[in-house]
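Q: Please take a close look at the aromatic residues of this chain, and then follow the strands and links that surround them. A connected account would suit me better than a list.

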Amino acid sequence: VQLQASGGGLVQAGGSLRLSCAASGLTFSRYHMGWFRQAPGKEREFVSGINWSGGYTTYADSVKGRFTISRDNAKNMVYLQMNSLKPEDTAAYYCAADRRTYSSSPAYDYWGQGTQVTVSS
């Protein structure tokens, strides 16, 4: 199983980025997906989750109203649209896949490598 995250970069506060995660080696439509992030010196934290069909989503309070998670099962892709970015959103962002949950629990089956998002003030 491979989860390949991309789309990170340097952006000014108030700007936008769209992260993508390409999944392979699994039956993607059977997996719930999540995005997590980890800033230097901090623990990994949940950002957003989406169920297998895309019909249900959940967000951390810190990103609610600014970030939108979506998926395309035909392309084995999950996305995170990030708007109104703040310096505190700076972190490495990771996508993850799990058969049982799309919740904030970090006990996902599979993890991708991170993509760095840096928001300058």
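A: In this predicted model, Phe36, Phe46, Tyr108 and Trp111 come together as one aromatic cluster. The structure as a whole holds five aromatic pairs. One of these is formed by Tyr31 and Tyr110, whose rings are tilted, at 6.1 Å centre to centre and with 50 degrees between the planes. Because Tyr31 lies in the loop between β3 (17-24) and β4 (32-38) whereas Tyr110 belongs to strand β10 (residues 110-111), this pair ties together parts that are 79 residues apart in sequence. The two partners can also be described by their accessibility: Tyr31 is buried, with a relative accessible area of 10%, while Tyr110, at 31%, counts as partly exposed.

Within the cluster, the rings of Phe36 and Tyr108 have their centres 5.2 Å apart and their planes at 80 degrees; planes over 60 degrees apart count as edge-to-face, so the pair of Phe36 and Tyr108 is edge-to-face. Phe36 is placed in strand β4 and Tyr108 in the loop between β9 (91-98) and β10, and the pair therefore ties together parts that are 72 residues apart in sequence. Phe36 is buried, with a relative accessible area of 1%, and Tyr108 likewise counts as buried, at 5% relative accessibility.

Aromatic rings also take part in arrangements with arginine. Arg44 lies over the face of Tyr94, at 4.0 Å from the ring centre, and Arg71 lies over the face of Phe28, at 4.3 Å from the ring centre.

From the rings we can turn to the strands, beginning with β8. Five of the six residues of strand β8 (residues 77-82) are buried, so this strand is largely enclosed by the rest of the structure. Strand β8 pairs with β3 in the antiparallel sense over six bridges, and within that pairing the bridge partner of Cys21 is Val78 of β8. Strand β7 (residues 67-72) is also joined to β8 by six bridges, and these two strands run antiparallel; here Ile69 has Leu80 of β8 as its bridge partner. The hairpin of β7 and β8 has four residues between the strands, and in this hairpin Asn76 takes a positive phi near 55 degrees.

Beyond β8 the chain enters the loop between β8 and β9, where Asn83 is located. Asn83 counts as partly exposed, at 30% relative accessibility. When its neighbours within four places in sequence are left aside, Asn83 is in contact with Gly15, Ser16, Arg66 and Phe67. Between Asn83 and Ser104 there are 21 Å in space, C-alpha to C-alpha, and the two residues are 21 residues apart in sequence.

Cys21, already met as the bridge partner of Val78, leads to the disulfide, of which the count comes to one. This disulfide joins Cys21 to Cys95, with an S to S distance of 2.1 Å, and the link is right-handed, with 60 degrees about the S-S bond. Since Cys21 lies in strand β3 and Cys95 in strand β9, the pair ties together parts that are 74 residues apart in sequence. Cys21 is buried, with a relative accessible area of 0%, and Cys95 is buried too, with a relative accessible area of 0%.

Conventions: Residues are numbered from 1 along each chain as its sequence is written. This is a predicted model: local features need pLDDT of at least 70, side-chain atom pairs count only at pLDDT 80 or more; totals for chains, interfaces and linings use all residues. Side-chain values use heavy atoms; hydrogens and water are left out. Rings of Phe, Tyr and Trp (its six-membered ring) pair if their centres lie within 6.5 Å; planes under 30 degrees apart count as stacked, over 60 as edge-to-face and the rest as tilted. Buried means under 20% relative accessible area, exposed over 50%, partly exposed in between (1.4 Å probe, protein chains only). A charge sits over a ring if NZ of Lys or CZ of Arg is within 6 Å of the ring centre and within 35 degrees of the ring normal. Two strands pair if DSSP finds at least two bridges between them. Contact means heavy atoms within 4.5 Å. A disulfide is a pair of cysteine sulfur atoms within 2.5 Å.
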